Amino acid sequence: MTAILYGVPAPGLAEVPAGAVQVSPLILGSQDLAVLADASVDRAVVLAPGGAIERDYVLAQALRVLKPGAPLLAFAPKDKGGSRLKKTLEGFGCRVGEDARKHHRFCHLARPEAPTGLAEAIAAGAPRLSPALGVWTQPGVFSWDRLDAGSGKLIELLPPLAGRGADLGCGVGLLAQRVLAAPAVTELTCVDVDRRAVDCARHNLDDPRATVIWGDVRRVDGLADLDFVVMNPPFHDGGTEDRNLGVAFVEIAARLLRKGGICWLVANRHLPYEASLASAFTAFEVRHDGGGYKVIEARR
Ligand SMILES: C[S@@+](CC[C@H](N)C(=O)[O-])C[C@H]1O[C@@H](n2cnc3c(N)ncnc32)[C@H](O)[C@@H]1O
């Protein structure tokens, strides 16, 4: 393989080789870095993710797949791990050149003949069965090592559902597991844009009624006339708050439901979904408001 690219750098931020293969799990259709062969890639450009374990994993994977002597450009916003890149890469035995511009740190290096510590970083960031959560998870996916408080509240309040439904932005599938505990549920389609979450959810939802799709909820088709939707909608896109994303989830949930179908969702209190709920649904009730979360039941 000639070149790989991890992430989507802003225009003009970094030179991306023509034809570079995308390897970020957040980009639909991307390749999985973990399955690329050792020393098989000529060049890598990595917009490193913000989480420390995830970042070390991605950098270690990039070094693993690069041929000895091949160039790596790794960069990140200074306040989102950029200032730690150089030290991390030096820890892998690399000689690193660094520069800074546009609030980012850029590290340039040639992959050493024998990098050190890659296996440990890859093991630390790999998918694993979490004893605490009792499910497969991976550093970097939403709330990877603990139950999100909002999702926990929704799980607690969710009544047994029935019929055909969807979990929009399913993560590793904790909410979906709860839905599938109801015997009257006949079908559950779970959608998430993060391939790592989808891979974990496929392990975690070993149930013939569940289908897990790697997809963008805003572009999913083939779903209609559902009896229910559950969701903890995202409000970050590419690391920055994007309330429109949550609003889009609310509108799509309404579109997917049959008349009279029910949507259960949880949202951070500060997110103003009420106007969208009022226009997309016939009625909605706040079932819980506390601890920074609102749990809402809406009827189409
Ligand atoms: C707040 S988390 C909820 C995860 C899970 N339902 C839970 O409760 O633990 C939102 C999820 O939506 C996913 N997501 C973000 N944008 C998406 C999109 N456009 N289409 C599908 N999933 C998306 C994220 O990857 C994340 O897993």
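Here are some notes on a predicted model, taking its open sheet, then one helix, then the ligand site.

1. Start with the sheet. Six strands make it up, it is open, and the order across it is 2-1-3-4-6-5, with mixed pairing. If you are tracing it on screen, that order is the thing to keep beside you.

2. Now look at the edges. Strand 2 (21–22) and strand 5 (97–101) sit there, and each has a single partner strand, so one side of each has no neighbour in the sheet.

3. The parallel part of the mix shows up between strand 3 (residues 43–47) and strand 4 (residues 71–77), which are joined by four bridges. For a landmark, find Leu47: its bridge partner in strand 4 is Phe75.

4. Helix 1 (residues 52–65) packs on this sheet, where it touches strand 1 (3–6), strand 3 and strand 4. How does the direction of helix 1 compare with that of strand 3? The two directions make an angle of about 175°.

5. On its other pairing, strand 4 goes antiparallel: seven bridges link it to strand 6 (residues 104–110). Here the pair to look for is Leu73 with His108, the latter in strand 6.

6. Strand 6 also pairs with strand 5, again in the antiparallel sense, over five bridges. One of the pairings to check is Arg101, whose bridge partner in strand 6 is His104. The hairpin of these two strands has two residues between them, and Lys102 takes a positive phi near 50° there.

7. Away from that sheet, have a look at helix 7 (residues 243–256). Its 14 residues reach 20 Å from the first C-alpha to the last, close to the 20 Å expected at 1.5 Å a residue.

8. Which residues of helix 7 are buried? They are Gly246, Phe249, Val250, Ile252, Ala253, Ala254 and Leu256. The cover over these buried residues includes strand 9 (163–168), strand 12 (226–231), strand 15 (257–268) and helix 8 (274–280).

9. Last comes the ligand. It is surrounded by 19 residues, and the closest are Ser151, Gly169, Gly171, Val217 and Pro234. Helix 5 (174–180) and strand 10 (185–192) each give at least two residues to the shell.

10. What is the make-up of that shell by class? Nine of its residues are nonpolar, five are polar and five are charged.

Key:
Residues numbered from 1 in each chain as written. Predicted model: local features only at pLDDT ≥ 70, side-chain atom pairs only at ≥ 80, totals over all residues. Near = placed C-beta within 6 Å. Nonpolar A, V, L, I, M, F, W, Y, C, P; charged D, E, K, R; others polar. Pairing = 2+ DSSP bridges. Contact = placed C-beta atoms within 7 Å. Axes fitted to C-alpha atoms, helices over the stretch in contact; angles between N-to-C directions. Expected span 1.5 Å × (residues − 1). Buried ≥ 20, exposed ≤ 12 C-beta atoms within 10 Å, placed from the backbone.
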